[in-house]
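Here is my note on the model you sent round. The points are numbered for easy reply.

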Amino acid sequence: MKAVQVVSPGNMQMIEKEKPMIEHDHEVLIKVKMVGICGSDMHIYHGTNPLATLPRIIGHEVTGEIVEVGKGVTGLQAGDKVVIEPIETCGKCYACRLGRRNVCRELEVYGVHRDGGMQEYIVMPEHLVHKVSPDLDWAEAVLVEPFTIGAQANWRGNVQKGDTVFIMGAGPIGLCCLKIAKLKGATCIISDLSDERLSFAKSWGADYILNASCVNVREEIMKITNGEGANVVIDAVCIPQTFADAVEIASVAGRVVTLGFDSRFSQIPQLSITKKELTILGSRLQTNQFPEVIKLFNEGTLKTDGMVTQRFTIDEVKDAFSFIEKEPNQVRKAVIEF
Ligand SMILES: NC(=O)c1ccc[n+]([C@@H]2O[C@H](COP(=O)([O-])OP(=O)(O)OC[C@H]3O[C@@H](n4cnc5c(N)ncnc54)[C@H](O)[C@@H]3O)[C@@H](O)[C@H]2O)c1
Ligand SMILES: [Zn+2]
Ligand SMILES: [Zn+2]
C-alpha cells in the first residue's frame, strides 16, 4: 500500500509498504479516507520541527472507516466512520495523573514522533479512535482534530458567554478558535494581515475584523471595548511581538492563551501582568476535547463550510505541498483524499 514519508529534510517520498495488521486485541484497522495538511507537516517536511524524528510517515488530521476490529474491541465495528486522536501518553507522569495527558512527559504524537495517517491503512488502539456520525462528509470529519485545538485554547482561556475574545491570526487555527468562541457566546475580534482571510473570518462569525498591517490593533480594541481591553486574547500568530501585544491588549483579570512553539523571547513587563492580575496560559494539542467537538459536528451546530479549499490525491502529495508554499493565501486547509 501507499504511504507518504518524509525521509530527510526536504525529501518527501511516496513509499510502498506492507498493509498493517491488528496485533493486539484492542486495536482497530482503519481504511484512511482523508488527511489534512497542517503547518506542522510543512515544518516536518522542511526539517524545522525539532520534535519530529525522521524518517516519518506524516499526518495527524485523519479520518477513515473501520475495516476490522480486534477481539477485545467493544465500542467500534467495521463500517464506522471515525477520526483519530493522535496522541500517545504514558499514563503515569504528573500531567497524566492530573488528566492533562496532552503535556505528558513522554508524549508521542502520531505523524510527528511515530508514524501517522498519511497512508492507505493504519492500525490504532481503540481508545484513540472516535466514531463520528455517518452523515458527516469526509471533508468535515477531517477537521475535527484542528477544532479540538481551538476547543482547547478556549477551555484554557476559560472563555465565557459575554466575554470579549481577541483572536490573533485568521489561519486555520485562529478560525477554529473563533468558531468555538462564538459557540460559547463570546464577542469575537480577529486580526490578520490578509483581507481575504479576514473576510472569510467575518463570514465565520467574527464580530470585528482588524487588518494588523493597516490599523493599530491595540487602539482599535480599546475603542471596541470602551477602554476595557479583551477579556481573553488567543495568540494564533505565535511570534514574539504578538505575545507581547497580547499582554497589553488583555483586560483586567484577563487571560492570554499562547499556542506557539517559537523559542525566541518576547519583551513583557511584569507590571502589566501584576497590575491587571492576568493569567497566561499555554495551550498544546488537546485533552478530552474530541467527544465535545464531535458532538458539535454531529448535531450540525459547528459548520465548517469553506474551510477545505483544495483536495489532492496521495499521488499528488508533492504538488499539494508546493501549492501550499506558493499560494498560501489561497489555502485554508488542503487535504489528501484516498
Ligand atoms: N499549540 C498547539 O496545539 C498548536 C496546534 C496547531 C498549530 N499551532 C500553532 O498555531 C499557529 C497558527 O497556526 P495556523 O495553521 O493557523 O498558521 P497560519 O500560518 O496558517 O496562520 C497564521 C495567520 O496569522 C497571520 N498573521 C501573521 N502575522 C500577523 C500579525 N502580526 N497580526 C495578525 N495576523 C498575523 C497570517 O496572515 C496567517 O493568516 C502556528 O504558530 C502553529 O504552530 C499550535
Ligand atoms: Zn495539525
Ligand atoms: Zn504521562
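**Notes on the metal sites, the ligand and the backbone**

1. Cys104 is buried, with a relative accessible area of 4%. The model is a predicted one, and Cys104 matters for this note as a zinc ligand: its SG atom coordinates the zinc ion (ligand 3). The other donors to that ion are the SG atoms of Cys90, Cys93 and Cys96, and the distances run from 2.3 to 2.4 Å.

2. What arrangement do the four donor atoms around the zinc ion (ligand 3) make? The arrangement is tetrahedral, because the angles they subtend are 103 to 119° and the criterion for four donors is that all angles lie between 85 and 135 degrees.

3. Along the chain, the donors of the zinc ion (ligand 3) are spaced as C-x2-C-x2-C-x7-C. The pair Cys90 and Cys104 links distant parts of the chain, 14 residues apart. Cys90 sits in the loop between strand 7 (87–88) and helix 2 (94–98), and Cys104 in the loop between helix 2 and strand 8 (108–109).

4. Is Cys90 buried or exposed? Neither label applies: Cys90 is partly exposed, because its relative accessible area is 24% and buried means under 20%, exposed over 50%. Cys104, at 4%, is buried.

5. The zinc ion (ligand 2) has a mixed set of donors: Cys38 (SG), His60 (NE2) and Glu61 (OE), at 2.1 to 2.7 Å. Their spacing along the chain is C-x21-H-E. Cys38 and His60 are 22 residues apart and link distant parts of the chain. Cys38 is in the loop between strand 3 (27–36) and helix 1 (39–46), while His60 is in the loop between strand 4 (56–57) and strand 5 (61–69). Both Cys38 and His60 are buried. Should this site look incomplete, note that water is not among the atoms.

6. Which residues come nearest to ligand 1? Of the 18 residues around it, they are Asp192, Arg197, Leu259, Ser283 and Leu285. The shell divides into 11 nonpolar, four polar and three charged residues. Helix 5 (172–183) and strand 12 (187–192) each supply at least two residues of that shell.

7. Three polar atom pairs with ligand 1 can be checked directly in the coordinates. A polar side-chain atom of Asp192 is 2.6 Å from an oxygen atom of ligand 1. For Leu285 the partner is again an oxygen atom of ligand 1, with a backbone N or O atom at 2.7 Å. A backbone N or O atom of Leu259 lies 2.9 Å from a nitrogen atom of ligand 1. Taken alone, ligand 1 exposes 870 Å², of which the protein buries 74%.

8. The backbone has a cis peptide bond between Leu54 and Pro55, with omega about -5°. Pro55 is in the loop between helix 1 and strand 4.

9. Two residues with positive phi deserve a look. Cys238 is not a glycine, yet its phi is about 70°; Cys238 lies in the loop between strand 14 (230–235) and helix 8 (240–249). Asn288, also a residue other than glycine, has phi near 60°. Asn288 is placed in the loop between strand 16 (279–282) and helix 10 (290–298). With a relative accessible area of 53%, Asn288 is exposed.

Key. Residues numbered from 1 in each chain as written. Chains lettered and ligands numbered in written order. Predicted model: local features only at pLDDT ≥ 70, side-chain atom pairs only at ≥ 80, totals over all residues. Heavy atoms only, no water. Donors = N, O, S within 2.8 Å, 3.2 Å for Na, K, Ca; no water. Tetrahedral: all angles 85-135°; square planar, octahedral: opposite > 155°, others 65-115°. Helix = DSSP H or I, 4+ residues; strand = E, 2+ residues; numbered from the N terminus. Buried < 20%, exposed > 50% of the residue type's maximum accessible area, 1.4 Å probe, protein only. Near = heavy atom within 4 Å. Polar contact = N/O pair within 3.5 Å; in protein donor to acceptor, adjacent residues only side chain to side chain. Areas by Shrake-Rupley, 256 points an atom, 1.4 Å probe, with all protein chains shown as cover. Nonpolar A, V, L, I, M, F, W, Y, C, P; charged D, E, K, R; others polar.
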